[in-house]
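User: Please examine the structure below and answer some questions on its side-chain contacts and nonpolar packing.

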Amino acid sequence: MDNKIKVLHIVGAMYPGGMENFIMNIYENIDRERFQFDFAVHDIKENGYEARISELGGRVFQLPRLTRHPLKNFTELKKLVKKEKYDVVIRHTASALVAPQLLAAKLAGAVTVCHSHNETDPKRAAHYIGRILLLACTDKRIACSENAGKWMYGKKSFQVINNAIDLNKFAFRDEYKKAVIDEFCLQNKHIYGHVANFIASKNHMFLMEVFKEITEIDKDAVLICLGEGDLRPSIEEKIKSCGLEDKVILAGIRHDAEKFFSAFDVMVFPSLFEGLPLTLIEAQVSGLKVLMSDTVTPNVVVTDGLVTAKSLSDGEKSWALEAVSIVDSFQNADRICQRESIRKHGYDLEQLTKWYEEFLSHIKKGD
């Protein structure tokens, strides 16, 4: 234990989502005889990753929320890093408002790493102010895409780290499709899918308007949404107001998301903004067709013929027609994993894990 490189990841909460899945993918595959991962969060939610983290030998520490108790968060984090003697502290974030946490870790003696997971944020002015402090107290700068790096670090240098996944886990399987269809009694249905937590950037309200239009065209349509979040009550109200209660399934947080990618006939993904959504890479691994907003970086396209980008300004009706057309053309298509193309784009988890091990080892050596 004493010889391990000790790493503390700071995130809002450790329950399934793009950022959190990325971290857990690495943790599942990294050499845990050499590396110790722990987590500092401000929220612990039902169906989170805490049990699995414990099984893997890690710990989860809950701290006061930074936005509500900034001083207490700063002092407790500094105390934690110093007490546990972490070699590296990695802050995964969408904005520079978390800069005080990196400062606390640096003052406690750790090497600080910021990992940018998004390319914009509603609090733009505060972000640009916070970026000054963030740059001053960050030793290593990484990002999920070029745009996410420029958003977080401006003209400073950074390294792009792809959000890689386990290609075998997400490859299409008939038994996965059957399991989902049987669980929700969806025989002879066309399954439209969405995987994202219920936050404003994911644009669920527009999604529901699109799906309402889809049901006017495709009488066999159902929508399955995986995810949770503070906006769930308002989304439930939207479903009711659209008269979609019998057509929309809110499946919550699932630890078997790979099965749903095999069951979906199309992924509809109308985000307002993103970094580089891991969900869309997972969808492509399963050979699933994707209809996404053109606000999502084109770098997410790692296969041929699976992804269609569309402007949100085209409106709900146009999105519905496109989605139904994709489903109609996809009914008898083979679901093949374009493994070599995905690897060539750098999204193979095995490659990423090796990079992460080398990255942390070099930090330990002081390179």
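User: Which backbone oxygen does the side chain of K4 reach?

Analyst: This is a predicted model, in which local features need pLDDT of at least 70, side-chain atom pairs count only at pLDDT 80 or more, and totals for chains, interfaces and linings use all residues. Residues are numbered from 1 along each chain as its sequence is written, and side-chain values use heavy atoms, leaving out hydrogens and water. K4 sits in the segment before β1 (5-10). At 3.0 Å, its side chain reaches the backbone oxygen of R32.

User: How far from K4 is the nearest side chain of opposite charge?

Analyst: K4 is buried (under 20% relative accessible area, 1.4 Å probe, protein chains only). K4 has no salt bridge (a side-chain nitrogen of Lys or Arg within 4 Å of a carboxyl oxygen of Asp or Glu). The nearest side chain of opposite charge belongs to E33, at 5.6 Å.

User: Which helix gives the most to the largest nonpolar core?

Analyst: A nonpolar core is a set of buried Ala, Val, Leu, Ile, Met, Phe, Trp, Tyr and Cys residues joined through side-chain atoms within 4.5 Å. The largest has 79 residues, and M14, F37, I224, M267, Y356 and L360 touch the most other members. With seven residues, the helix giving the most to this core is α15 (residues 349-365).

User: Is L250 buried or exposed?

Analyst: L250 belongs to strand β10 (residues 248-252). Its C-alpha is 5.0 Å from that of C225, although the two are 25 residues apart in sequence. Because its relative accessible area is 18%, L250 is buried.

Methods: Helix = DSSP H or I, 4+ residues; strand = E, 2+ residues; numbered from the N terminus. Buried < 20%, exposed > 50% of the residue type's maximum accessible area, 1.4 Å probe, protein only. Lys, Arg positive; Asp, Glu negative; His and termini not counted. Polar contact = N/O pair within 3.5 Å; in protein donor to acceptor, adjacent residues only side chain to side chain.
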